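Student: I'm new to this structure and would love a close look at a single part, the place where the ligand sits. Could you walk me through it?

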Amino acid sequence: MRIVVVGGGVAGLAAAHRAAQLGADVQVIEQSPAVGGKLRTVPLPSGQPVDSGAEAFAVRDPQTGEPSPAFELARELGLDGDLVAPAVSRAAVLGPDGLEPIPAGTLMGIPGEAAAETAPYNGPLLAPGADVAVGDLVRRRLGASVVDRLVDPMLGGVYAGRADDLSLAATIPALATALAGSPTLTGAVRAVLAARPKDPTPLFKTLARGLGSLVDALAAAVGADRVHTGRPVRELCRTRDGRWRLTVGSTRDPQNLLADGVVLAVPARPAERLLANVAPIDLNLDYASVALVTAALPEAALPEYSGLLVPSGSRIHIKAVTFLDRKWPHLRRPGRTLARLSLGRFGEESVLQRPDGELVETALGDLADIVGTPRRALESSVHRWGGALPQYAPGHPARVAAARSALPPGLALAGAAYDGVGVPACVRSGRTAAEAVVAAVEESMA
Ligand SMILES: Cc1cc2nc3c(=O)[nH]c(=O)nc-3n(C[C@H](O)[C@H](O)[C@H](O)COP(=O)(O)OP(=O)(O)OC[C@H]3O[C@@H](n4cnc5c(N)ncnc54)[C@H](O)[C@@H]3O)c2cc1C
C-alpha cells in the first residue's frame, strides 16, 4: 500500500512515521527546500543554534496529565533524554504600571475568581456544541478590562490573534465543555482547573539541540529516500480505479505520483486548492503572519520572568518576548543575554513590512523601554513567517467536522489548520490521519 503525505511539517512527518510503522510504503512530498515547516533550528551569526519557529512543546495534556503526543513521539525517537525543562516558567504581562505576573488560578488569562461577574445565567452559559468568540464571552461576563489586560495578550501570544475573533471551542475546548454545565464563567474556569491533576513539573519543555532535532530524527526514522523536498504538489485527482494521482513538481516538468491513500498536511489554503476537484471544502480560515527577532544583547539584568506579553492596541510593537537564556539555561553564554521577540498580529501586519534592520531596531527599542535592556544587539537574526498561525473563528470545530465528513475514504487532513496549533496537536492530527488512511486502504483492499 502506497501512502503519500503532502507537506513535510511536523504533522506530515508524524503522519508518515505512523504510516510507515503500520507497514505502508510512504512518501513525503514537501514544496520547500527543507522539511520541518514551522519547526526550524538555525544558527545565529556566531553559530549558536536557536529555534526560529516553535521553541517548546507541552509534554503532557494539562487536563488529563497523560503524556502528550509530542512527548510520546520524542520518546519513540529516543530523544526523551534531550528534553530540557525551563529554569523559569512564569511569564509577565505588561500593564499600565509595568510588568505584572500572569495571575495564578487563570485559564488563558480568564480568572476563576472575580470580584464581580454578571449575575449567574439561568442555565448553562454555552449550549453543548455551541461556540462563541472568547473576547465576547469574557467581556459580557467579566468586563472589558479582563479581556484587554489578560485574555487578549495570552491569546495573542499563542495565535497572534485577537480574543474577539477567536473561537472558544477551538482555543480553550475544556472551558467550552465546562460552560455547558455552568451558569457562571468563573465557576467553569474553576471546574476546569480543579479537574487538572496536580503536577508541579513544567508543562512545556524543549530539546537541547532545538526542535529541529525532532524534525531531523523524524525524517531519518521515515527514511531519507522517502522524504522529497523542493517538490510542490499542485493537483490531486482520483483515478478510475479509485486510487489517487498527484501532480508534483514545477509546471514545466510535472510528474505524476500514484497513491492508494493521501494525507494532506498543508495549511488550509493549499488543502482547499488540492481538494477542489475531489471534495471541495471551505474552512474559511485566515492566517496571521509574524516575525521573530532573536537577539544577543550585552549582558543585562532582567526581571525574574520567562518572558512577557504585550496587550494589543498599545504603542509597543512587540507582542511577546522570551528571555531565552533565562528560561533555558542550556542557551546561556557568558557576557550576553539572549531574547526572542515576536512581532505581528492578525490584521496588524504593517509592522512586518519594515526591513530586517529596522525590525530589529524597533523590537529592541520596545524591549529597552519596558525592561531597560541595551538597544543594540551583539548579533541578531530575523525570521519572517508568512501565514504563520491559523485564526480559528467561532464555529471552526464545526467547519472542520464538515470538511472531514466530505472527504472520501483514503484521504485525510492533518496539521495546525484543524485541531490545534501546538506541536502536540499537530503530531496527534498527523498520527490520527495516517491511521485513518491506512485503515481505509486496508478495508478497500480486503
Ligand atoms: C513563530 C511560531 C512560534 C511557534 N511556537 C510554538 C511553540 O513554542 N510551541 C508549540 O507547540 N507550537 C508553536 N507554534 C505552532 C507550531 O509550530 C505550528 O502550528 C506547527 O509546527 C504546524 O505544523 P504543521 O505540520 O501543521 O504545518 P507547517 O509547519 O506549516 O507545515 C506544512 C508544510 O506543508 C508544506 N506545503 C504547503 N503546501 C504544499 C504543497 N502544495 N505541496 C507540498 N508541500 C506543501 C509547507 O511548505 C510546510 O512545510 C509556533 C508557530 C510559529 C509560526
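Tutor: Happy to! One term before we start: the helices and strands named here are DSSP runs, numbered from the N terminus, with at least four residues for a helix and at least two for a strand. Please also keep in mind that this is a predicted model.

Let's begin with the surroundings. The ligand has 36 residues around it, and the closest are Glu30, Lys38, Ala56, Val421 and Val423. By type, this shell consists of 22 nonpolar, nine polar and five charged residues. Several elements contribute to it: α1 (10-21), β17 (286-298), β21 (379-391) and α13 (423-445) each provide at least two residues. Of the contributors, β21 gives the most, namely three residues. You can view the shell by domain as well, since at least three of its residues come from domain 1 (2-36 + 211-285 + 393-445) and at least three from domain 3 (286-391).

Now for the polar contacts. On the side-chain side, an N or O atom of lysine 38 lies 2.8 Å from an oxygen atom of the ligand. The backbone takes part too: a polar backbone atom of glutamate 55 is 3.1 Å from an oxygen atom of the ligand, and a backbone N or O atom of alanine 56 is 2.7 Å from a nitrogen atom of the ligand. How much of the ligand does the protein cover? On its own the ligand has 1,000 Å² of accessible area, and the protein covers 89% of that.

Glutamate 55 deserves a second look. You will find this residue in the loop between β4 (49-51) and β5 (57-58). Glutamate 55 has a relative accessible area of 12%, so it counts as buried, the cut-off being under 20%. While its backbone faces us in the ligand contact just described, the side chain of glutamate 55 makes a polar contact of 3.3 Å with the side chain of threonine 322.

Finally, a sheet to help you find your way around the model. Its five strands follow the order β12-β2-β1-β16-β22, forming an open sheet with parallel pairing. At the edges stand β12 (227-228) and β22 (411-413); each has a single partner strand, so one side of each has no neighbour in the sheet. Within this sheet, β1 (residues 2-6) and β16 (residues 261-264) run parallel and are joined by four bridges. One pairing to look for is valine 6, whose bridge partner in β16 is leucine 264.

Technical notes: Residues are numbered from 1 along each chain as its sequence is written. This is a predicted model: local features need pLDDT of at least 70, side-chain atom pairs count only at pLDDT 80 or more; totals for chains, interfaces and linings use all residues. Side-chain values use heavy atoms; hydrogens and water are left out. A residue is near a molecule or strand if one of its heavy atoms lies within 4 Å of it. A polar contact is a pair of N or O atoms within 3.5 Å; within protein, one must be able to donate a hydrogen and the other to accept it, and residues adjacent in sequence count only if both atoms are side-chain atoms. Accessible areas come from the Shrake-Rupley method with a 1.4 Å probe; for residues, only the protein chains shown count as cover. Ala, Val, Leu, Ile, Met, Phe, Trp, Tyr, Cys and Pro count as nonpolar, Asp, Glu, Lys and Arg as charged, and the others, Gly among them, as polar. Domain bounds come from an automatic or database domain assignment. Two strands pair if DSSP finds at least two bridges between them. Buried means under 20% relative accessible area, exposed over 50%, partly exposed in between (1.4 Å probe, protein chains only).
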